[in-house]
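Hello,

Here is the structure we talked about handing over. Please open it and keep it in view while you read the notes below.

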Amino acid sequence: MPSWPSGNKRWGGRPAVVEENFRKQGRNIENRCYDNYLRGLEAEQTSGGALCPVCKTMAKIRVKNRARTIYTLSGGRKFRRHYHYCGSCEKDFYALDRKLELREKGEVSEALEKRLIDCASLRLGGFD
Ligand SMILES: [Zn+2]
């Protein structure tokens, strides 16, 4: 068993343990950043309504703070957004979902979906 320089002890000892600790710290930072991003977007939602994506008139909020969970490259992310209904064209929508470029239905982010497709294509030997 090799003896590791003493400097490694403050990072967690053996290089494999140090690497795992770095990965965990990176995940913690990523989680905090992502959650702060979503909390910021939630806070930016107004109580006055949102522009209808179809007819461009102001649509009222029908329900505030409905929860949604989306699975991303960094795990499941829960956030709350207002549900809008346009009285002019009868379109219902979530303005924050649209801002986040999420599909109306589904639980997977675009980036995670792309990664999953890439993995599946590698497993199947590509698209050639
Ligand atoms: Zn409309």
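**Two domains**

The centres of domain 1 and domain 2 are 29 Å apart, taken over C-alpha atoms. Domain 1 covers residues 1-44, and domain 2 covers residues 47-128. Where they touch, domain 1 gives six residues and domain 2 gives seven residues. On the domain 1 side, three of the touching residues are nonpolar, one is polar and two are charged. Please keep in mind that this is a predicted model.

**The whole chain**

Next, the overall form. The C-alpha trace spans about 75 × 45 × 20 Å along its principal axes. The radius of gyration of the protein chain is 22 Å, but a compact globule of 128 residues would have one near 14 Å. Buried residues make up 8% of the 128 residues. Now take the contacts with a separation of 6 or more: 50% of them are between residues 24 or more positions apart.

The chain has three helices and four strands. Along the sequence they come in the pattern α-β-β-β-β-α-α.

**The sheet**

In what order do the strands of the open sheet lie? The order is S1-S2-S3-S4, and the pairing is antiparallel. S1 and strand S4 (92-94) stand at the edges with a single partner strand each, so one side of each has no neighbour in the sheet.

Take the pairs one by one.

- S1 (residues 50-51) and S2 (residues 58-72) are antiparallel and share two bridges. Ala50 stands opposite Ala59 in S2. The two strands form a hairpin with six residues between them, and Lys56 in that turn has a positive phi of about 65 degrees.
- S2 and S3 (residues 75-85) run antiparallel and are joined by ten bridges. Their hairpin has two residues as its link. Thr69 stands opposite Lys78 in S3.
- S3 and S4 run antiparallel too, with three bridges. Here His84 has Phe93 in S4 as its bridge partner.

One general point helps when you look at strands. Side chains in a regular strand alternate between the two faces of the sheet.

**A residue to look at: Arg66**

Find Arg66 in strand S2. Is Arg66 buried or exposed? Neither label fits: Arg66 is partly exposed, because 14 other C-beta atoms lie within 10 Å. A buried residue would need 20 or more, and an exposed one would have 12 or fewer.

Which residues does Arg66 touch, leaving out those up to four places away in sequence? They are Arg80, Arg81 and Tyr83. His82 is also worth finding. Arg66 and His82 are 16 residues apart in sequence, yet their C-alpha atoms are 6.1 Å apart in space.

**Helix H3**

Last, go to helix H3, residues 110-123. How far apart should the ends of its 14 residues be? At 1.5 Å a residue, the helix should span 20 Å. Its end C-alpha atoms are 20 Å apart, so the two values agree.

H3 is hardly covered: among its 14 residues, the count of buried residues is zero. After H3 comes Gly125, with a positive phi near 90 degrees.

A good way in is to trace the sheet order S1-S2-S3-S4 on screen. Then find Arg66 in S2, and finish at Gly125 after H3.

Best wishes

Conventions: Residues are numbered from 1 along each chain as its sequence is written. This is a predicted model: local features need pLDDT of at least 70, side-chain atom pairs count only at pLDDT 80 or more; totals for chains, interfaces and linings use all residues. The expected span of a helix is 1.5 Å times one less than its number of residues. The radius of gyration is taken over C-alpha atoms; the globule rule is 2.2 Å times the number of residues to the power 0.38. Two residues are in contact if their C-beta atoms, placed from the backbone, lie within 7 Å. Two strands pair if DSSP finds at least two bridges between them. Domain bounds come from an automatic or database domain assignment. Ala, Val, Leu, Ile, Met, Phe, Trp, Tyr, Cys and Pro count as nonpolar, Asp, Glu, Lys and Arg as charged, and the others, Gly among them, as polar.
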